[in-house]
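Q: Please examine one helix of this model closely, and explain how it is built, how its ends are marked and what surrounds it. A connected account would be preferred to a list.

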Amino acid sequence: KLEGPERILLEYLEKHVDITKSKFCRIAAVNSYKADTILVNMVSANTLLMHFTEQQVTYSLNPEHEKS
């Protein structure tokens, strides 16, 4: 079971379409380095999808990933 920032992130994404790294830093009270580490690990685990636009990178839940 996830704790701390990861749990905050998943709970946010269950209610919202996506999130930016800066928003994640604010809601989870983590620094940019910690946020990068968490986001990269969750993308690597196929829990999150990464989306690139001209302005920003956003993250969303991967609908293919099984809920635990």
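**Helix H3 and its surroundings**

A: On the face of H3 that is turned away from its buried side, the exposed residues are Tyr33 and Ser44. The model is a predicted one, and the description below should be read accordingly.

The length of the helix can be examined next. H3 comprises the 13 residues 32-44, for which a rise of 1.5 Å a residue gives an expected span of 18 Å; the C-alpha atoms at its ends lie 18 Å apart, so expectation and model agree. The expected value rests on one less than the number of residues, because the span of a helix is taken as 1.5 Å times that figure.

The inward side is formed by Ala35, Ile38, Leu39 and Met42, which are the buried residues of H3. Viewed down the helix axis, these buried residues fall within an arc of 95 degrees, and they therefore line one face of H3. The cover over them includes two helices, H1 (4-15) and H2 (21-28), and two strands, S2 (48-52) and S3 (57-61).

Each of these neighbours may be taken in turn, beginning with H2. Its buried residues are Phe24, Cys25 and Ala28. Down the axis of H2 they occupy an arc of 100 degrees, so they too line one face of their helix. The packing partners of these H2 residues are H1, S1 and H3. Contact between H2 and H3 thus appears from both sides: H2 is among the elements covering the buried residues of H3, and H3 is among those against which the buried residues of H2 pack.

The strands belong to an open sheet of 3 strands, ordered S1-S3-S2 and paired antiparallel. Strand S1 (19-20) and S2 are the edge strands; each has a single partner, so one side of each is left without a neighbour in the sheet. Between S1 and S3 there are 2 bridges, and Ile19 has Tyr59 in S3 as its bridge partner. Between S2 and S3 there are 5 bridges, with Phe52 paired to Val57 in S3. A hairpin of 4 residues connects S2 to S3. H1 lies across S1, S2 and S3, and its direction makes an angle of about 85 degrees with S3.

The ends of H3 remain. At the N-terminal end, Asn31 serves as a cap: one of its side-chain oxygens is 3.2 Å from the backbone nitrogen of Tyr33. Tyr33 is also one of the exposed residues on the face turned away from the buried side of H3. The loop between H2 and H3 contains Ala29, which stands just after H2 and has a positive phi of about 55 degrees, although Ala29 is not a glycine. With a relative accessible area of 70%, Ala29 is exposed, because the exposed class begins over 50%.

Beyond the other end, Asn46 comes just after H3 with a positive phi of about 65 degrees; Asn46 likewise is not a glycine. Its place is in the loop between H3 and S2. Asn46 has a relative accessibility of 45% and therefore counts as partly exposed.

In sum, H3 has one face lined by its buried residues, with H1, H2, S2 and S3 included in the cover over them, and a face turned away from that side which carries the exposed Tyr33 and Ser44.

How values were computed
Residues numbered from 1 in each chain as written. Predicted model: local features only at pLDDT ≥ 70, side-chain atom pairs only at ≥ 80, totals over all residues. Heavy atoms only, no water. Buried < 20%, exposed > 50% of the residue type's maximum accessible area, 1.4 Å probe, protein only. Arc of directions from axis to C-beta. Contact = heavy atoms within 4.5 Å. Polar contact = N/O pair within 3.5 Å; in protein donor to acceptor, adjacent residues only side chain to side chain. Pairing = 2+ DSSP bridges. Axes fitted to C-alpha atoms, helices over the stretch in contact; angles between N-to-C directions.
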